[in-house]
Amino acid sequence: MATDPELGEKIHKHLVALGLETPMEKNPEAPLLVDGVPLNKFDSIKHCHHLTMRSLGLDLNDDSLRDTPKRIAKMYCNEIFTGLDYANFPKATTVENKMQYNEMVCVSGITVQSMCEHHFLPFVGTASVAYIPDKLVLGLSKFNRVVEFFSRRPQIQERLTEQISAALRLILQTEDVAVVINADHYCVKLRGIRDGCSNTVTSRLAGKFRTVPELRAEFLALSRT
């Protein structure tokens, strides 16, 4: 996947200014020391999960469990939390709206796979994203990429919805952007209330999607299909 770290940094600063950025340390603490040796991010995560598993009474000498801390560190660093690094922000090149298209563009059924920041359990579902082009048009797959990027970090669904909306409004240079996410949360399904049937819907409607009732209704109808 092509990335655009410069655009990523621009969006990061935009989210910080809006108060929508994921809580992250500006100056992370010194590396974890084990026997006086500083550990990098991967080895720190591996070490901490090793201790967690031992605290649960698991035998780390067993061949099924031995490499689990390494697997978790690899998964965190290279897969499910890559959205914490704006160097991984997807390339989202726009083109001039030469055709002067001014009707809604809606991409629905976008996969959402994220991690609840409260319990580090997954929440999964779909997103629908729409906009009305002004001067710029964005390639359709880029909407999926933007949703995926902000999903690949510890999240709450409300902030995820806002981050996707703010990023797309900046990229597209228009306020006429709408986002809806419908997701199942495994922190609700597997613990606490243990409700296996409920789902959560969040939305961020901006520009004409917020002020024009007919447009709002049309988008919400499309997002349910």
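**Note on a predicted model: contacts, cores and salt bridges**

1. Start with V188. Leaving aside neighbours within four places in sequence, V188 is in contact with I193, R194, D195 and S198. The model is predicted, so keep that in mind throughout. V188 lies in helix α6, residues 186–189. Is V188 buried or exposed? Neither: V188 counts as partly exposed, because its relative accessibility is 26% and buried means under 20%, exposed over 50%.

2. Now look from V188 to C77. The two are 111 residues apart in sequence, and their C-alpha atoms are 25 Å apart in space. C77 is one of the buried residues of α3. The others are T68, P69, I72, A73, Y76 and I80. What covers them includes α2 (41–55) and β4.

3. Check the length of α3, residues 68–80. A straight helix of 13 residues would span 18 Å, at 1.5 Å a residue. Helix α3 spans only 16 Å between its end C-alpha atoms.

4. Next, the largest nonpolar core. It has 35 residues. Those with the most contacts inside this core are I11, F89, F143, F150, I164 and L168. Elements giving two or more residues to the core include α1 (5–18), β4 (105–116), α4 (140–151) and β8 (177–185). Which element gives the largest share? It is α5, with seven residues. In soluble globular proteins, nonpolar side chains tend to be buried together.

5. Take I164 as an example from this core. Not counting residues up to four places away in sequence, I164 touches V146, V147, F150, V179 and I181. Apart from the largest core lies another core, of nine residues. Among them are M104, A178, L215 and F219.

6. How many salt bridges are there? The count comes to six. Side chains of opposite charge can pair when their charged atoms come close. E21 and R153 meet at 2.9 Å, N to O. E21 lies in the loop between α1 and β1, and R153 in the loop between α4 and β7, so the pair ties together parts 132 residues apart in sequence. E21 counts as buried at 13% relative accessibility. R153 counts as buried at 0%.

7. E162 and R204 also form a salt bridge, with closest N and O atoms 2.9 Å apart. E162 is in helix α5 and R204 in strand β9, so this pair ties together parts 42 residues apart in sequence. E162 is partly exposed, at 25%. R204 is partly exposed too, at 22%.

8. Finally, R145, E148 and R152 are linked in a network of salt bridges.

Conventions. Residues are numbered from 1 along each chain as its sequence is written. This is a predicted model: local features need pLDDT of at least 70, side-chain atom pairs count only at pLDDT 80 or more; totals for chains, interfaces and linings use all residues. Side-chain values use heavy atoms; hydrogens and water are left out. A nonpolar core is a set of buried Ala, Val, Leu, Ile, Met, Phe, Trp, Tyr and Cys residues joined through side-chain atoms within 4.5 Å. Buried means under 20% relative accessible area, exposed over 50%, partly exposed in between (1.4 Å probe, protein chains only). Helices (H or I, at least four residues) and strands (E, at least two) are DSSP runs, numbered from the N terminus. Contact means heavy atoms within 4.5 Å. The expected span of a helix is 1.5 Å times one less than its number of residues. A salt bridge is a side-chain nitrogen of Lys or Arg within 4 Å of a carboxyl oxygen of Asp or Glu.
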